[in-house]
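Hello,

Here is the structure I said I would pass on. My notes follow below it.

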Amino acid sequence: MKSLTAGNLEDCLLDQVDLRRQWISQIVEEVQKVIHHLTAEISTRDIRFQAVPYSDTYNGNIKVLAPSQFLITVPLKGLAGYREAEEQRWRYYTLRGARLPCPLRDPEGLQQWLAVGQFTKSLWQWHEADVNIEGDIVPAKVLQVFRKLVENAIGTCHLSGKVSMLANCPAVCVAVEASSRQVEVELVPAVEIPTVWSKKAQWPPCLKRWPSPERVECTKSFGFTLLAGSSYHWQLSFLKAEQVLLEQLDEDGGCRRKCFQVMRQMKEDVWCPGKRPVITSHHLQTVLFWTCEKYPHLKDWQVFRKAFLRLVRKLHKCVSQRFLKHYFVRKSNLLQHASSCELDAVAQKLAFFLKDPQISLA
């Protein structure tokens, strides 16, 4: 172990980060080839599901939550001209179509209903009973259709030795055998809403120094995405908007990205390793955004050691309090459903590190 103040520590850490980047890039390359093949077959069977595009560079459909845990969005086709719902109505249906005596609960935080009537153009298939109940496109029913398509496509594409369905998973999850490890992939049907910003995302709430007003407008221009991840409600996602913020982190020459990369490395190696970590790269990214907003000036991001420890202290506070606000939808706690025991274990490791900040170079 070497102290954070060691003269060559930063270079050694960045070497580790670069090795991780190369290694993850290789895994992403292998996984995306398989998923592109699989979803291309699915798109020929059901026009509503598009193939996940293949990219030689950055693929916006793939989110690496951890080295063995990917989230991949599968674009849905045939829904255009999105409009926010103007009036509230009660829902009394079950997933089987039966009537309930009391209405379903309203969506909370990052959730929302989605009615086919909210689109000015829609394929007739979105009105079919396999996905639609009383005018609503129901994510659980979309997942039912999609899960069956994935199961069939694995056989049709002769991928049984490479891909397997994961049991006891409410979402559509598959295990992909990469050359260096097995990767658990959650495949999420997604409705992309380009150019429109969700009313639930009251961001920024007031004038902030970070990001700049120009960067805010650019970020909002990428819109948002609705993910089929729960029974009745769709989940709001801002993957493209978040990527815009990440890409423009250090225009002023600061070390924000460097701090984030090293924190992610430490999280994966020491603080929260494992196949399904309670803290993912998305949590770290959110901590980074909040810290950038609180410390918007270049002077706060010029000394690596000081900036890095500030970021770790923020992470420790969030994990200890089991509370991390979503950066765009600030009423939503990203740690609300996380395991308390696992969070406490991470908090303990972070506290130990902060008492004597050392980073392993092994």
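**Aromatic cluster**

Start with the rings. Ring pairs join Tyr-82, Phe-119, Trp-197, Trp-203, Trp-210, Phe-224, Phe-238, Phe-289, Trp-290, Tyr-327 and Phe-328 into a cluster. Please keep in mind that this is a predicted model. The structure holds 19 aromatic pairs. Take Trp-197 and Phe-238. Their ring centres are 5.1 Å apart and their planes stand at 50°, so the pair is tilted. Trp-197 sits in the loop between strand E11 (182-193) and helix H3 (213-220). Phe-238 sits in the loop between strand E13 (234-237) and helix H4 (239-247). The pair therefore ties together parts that are 41 residues apart in sequence. Trp-197 is buried, at 15% relative accessible area. Phe-238 is buried too, with a relative accessibility of 1%.

Two arginines sit over rings. Arg-330 lies over the face of Tyr-327, 5.0 Å from the ring centre. Tyr-327 is also one of the cluster members. The charged end of Arg-310 is placed over the ring of Tyr-295, 4.3 Å from its centre.

**Pockets**

The largest pocket holds about 1700 Å³ of space. It is lined by 46 residues, and the closest to its centre are Leu-71, Glu-186, Gln-235, Leu-334 and His-337. Which elements supply at least two residues each to this lining? They are strand E2 (62-66), strand E3 (69-75), E11, E13, H4 and helix H6 (281-294). E11 gives the most, with four residues. By class, the lining of the largest pocket has 21 nonpolar, 17 polar and eight charged residues.

The second largest pocket has a volume of about 860 Å³. Its lining counts 28 residues, with Ile-24, Tyr-58, Val-64, Gln-243 and Arg-264 the closest to its centre. Helix H1 (9-45), E2, H4, helix H5 (256-271) and H6 each give two or more residues to this lining. H1 provides the largest share, nine residues. The lining of the second largest pocket divides into nine nonpolar, ten polar and nine charged residues.

E2, H4 and H6 are worth a second look. They are among the elements that supply the lining of the largest pocket, and they also appear in the list for the second largest pocket.

**Cavity**

How many cavities of 30 Å³ or more are there? The count is one. The volume of the largest cavity is about 80 Å³. Gly-60, Asn-61, Thr-73, Ala-190, Glu-192, Thr-225, Ser-237, Leu-239 and Lys-240 line it. E11 and H4 each supply at least two of these residues. The lining of the largest cavity has two nonpolar, five polar and two charged residues.

**Annotated domains**

UniProt lists two features of interest here, both from an unreviewed entry. The feature "domain: Mab-21-like nucleotidyltransferase" is placed by UniProt at residues 58-248. Over that span the chain is 18% helix and 29% strand. The end C-alpha atoms of residues 58-248 are 15 Å apart. The UniProt annotation "domain: Mab-21-like HhH/H2TH-like" covers residues 255-351. Residues 255-351 are 62% helix and 0% strand, and their end C-alpha atoms lie 23 Å apart.

Best wishes

Note on methods:
Residues numbered from 1 in each chain as written. Predicted model: local features only at pLDDT ≥ 70, side-chain atom pairs only at ≥ 80, totals over all residues. Heavy atoms only, no water. Phe/Tyr/Trp six-rings, centres within 6.5 Å; stacked < 30°, edge-to-face > 60°. Buried < 20%, exposed > 50% of the residue type's maximum accessible area, 1.4 Å probe, protein only. Lys NZ or Arg CZ within 6 Å of the ring centre and 35° of its normal. 1 Å grid on protein atoms, 1.4 Å probe; cavity = no way out; pocket = protein on both sides within 12 Å on 5 of 7 lines; lining within 4 Å. Points joined across faces, edges and corners; volume = space filled by probe spheres on them. Nonpolar A, V, L, I, M, F, W, Y, C, P; charged D, E, K, R; others polar. UniProt positions renumbered as here; feature names shortened; annotations may be inferred.
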